[in-house]
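Please work through the exercises below with the sequence and the model open side by side. Try each task before reading its solution.

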Amino acid sequence: MVSYRQNRLVILCGLRGDEWCGKGENANGYYDIAIEIEDEEIGIVIEVKYAENARFEQECIKAIKQINDNDYTAELKNDGMCILWKYGVACYKSQCKVVVEGEEYDPDGPEYREMLRFE
């Protein structure tokens, strides 16, 4: 069953139903949302945190660290995604902050090359 949050994400991003994975898990834990855009070999992992007392920066960094430490992009790599975007989202009341980290994965070369990070 598709949750309200996942449904809105699909509508906002203009994704077809076959381009997203929704909430899932790997051997190291659960991620909030993963998206695969197969035609463009793009994989996206989104981790959302509650930023108590508006501690946005700390929670965004914690979310990105969780994605990296638990290797939430492993399944995307196995599915052939070569461009990986990791979104750390922190929310408090009606405000939020997003930190994005990107990497390009080359299955024939070094494991990955970090592309950029921005807020």
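The exercises that follow concern a predicted model, and each is solved step by step.

**Exercise 1. Confidence and layout**

Determine in which helix the confidence is lowest and in which it is highest, and describe the order of helices and strands along the sequence.

Solution. Begin with the whole protein, whose mean pLDDT is 78, with 67% of its residues at 70 or more. Next, go to the extremes: helix H1 (residues 4–13) has the lowest confidence, at a mean of 49, whereas helix H2 (residues 56–69) has the highest, at 94. Where pLDDT is low, the predicted coordinates should not be read in detail. Finally, take the elements in order: the protein has three helices and six strands, and these follow the pattern α-β-β-β-α-α-β-β-β when read along the sequence.

**Exercise 2. The hairpin of S4 and S5**

Establish in which sense strands S4 and S5 pair, and over how many bridges.

Solution. First locate strand S4 at residues 83–92 and strand S5 at residues 95–104; their pairing is antiparallel and runs over 10 bridges. As one example of a partner across the two strands, Tyr87 has its bridge partner in S5, namely Val100. Then turn to the connection, where two residues lie between the strands of the hairpin, and where Lys93 takes a positive phi near 55°.

**Exercise 3. Two cysteines without a bond**

Explain why Cys91 is not bonded to the closest cysteine sulfur, and classify Cys91 and Cys96 by exposure.

Solution. Start from the search of the whole structure, which finds zero disulfides. The closest cysteine sulfur to that of Cys91 belongs to Cys96 and is 4.9 Å away, which is too far for a bond, because a disulfide requires the two sulfur atoms to be within 2.5 Å. Seen from the other side, Cys96 is likewise in no disulfide, with the sulfur of Cys91 as its nearest cysteine sulfur. As for exposure, Cys91 has a relative accessible area of 27% and is partly exposed, while Cys96, at 51% relative accessibility, counts as exposed.

**Exercise 4. Salt bridges within and between elements**

Count the salt bridges, and say for the pairs Lys65 with Asp69 and Glu101 with Lys86 where in the chain the partners lie.

Solution. The count comes to seven salt bridges; side chains of opposite charge can pair when their charged atoms come close. Consider first the pair of Lys65 and Asp69, whose side chains meet at 2.5 Å, N to O; both residues lie in helix H2, four residues apart, which is about one turn of the helix. Consider next Glu101 and Lys86, whose side chains meet in a salt bridge at 3.2 Å, N to O. This pair links distant parts of the chain, since Glu101 is in strand S5 and Lys86 is in strand S4, 15 residues apart. Both Glu101 and Lys86 are buried, and they belong to a network of salt bridges that also includes Lys77 and Glu103.

**Exercise 5. A buried pair**

Decide whether Glu47 and Lys49 are buried or exposed, and give the distance between their closest N and O atoms.

Solution. Glu47 and Lys49 form a salt bridge in which the closest N and O atoms are 4.0 Å apart. Glu47 has 4% relative accessibility and counts as buried, and Lys49, at 16%, counts as buried too, because the cut-off for buried is under 20%. For the setting, 43% of the 119 residues of the protein count as buried.

How values were computed. Residues are numbered from 1 along each chain as its sequence is written. This is a predicted model: local features need pLDDT of at least 70, side-chain atom pairs count only at pLDDT 80 or more; totals for chains, interfaces and linings use all residues. Side-chain values use heavy atoms; hydrogens and water are left out. pLDDT is the predictor's confidence in each residue, from 0 to 100. Two strands pair if DSSP finds at least two bridges between them. Buried means under 20% relative accessible area, exposed over 50%, partly exposed in between (1.4 Å probe, protein chains only).
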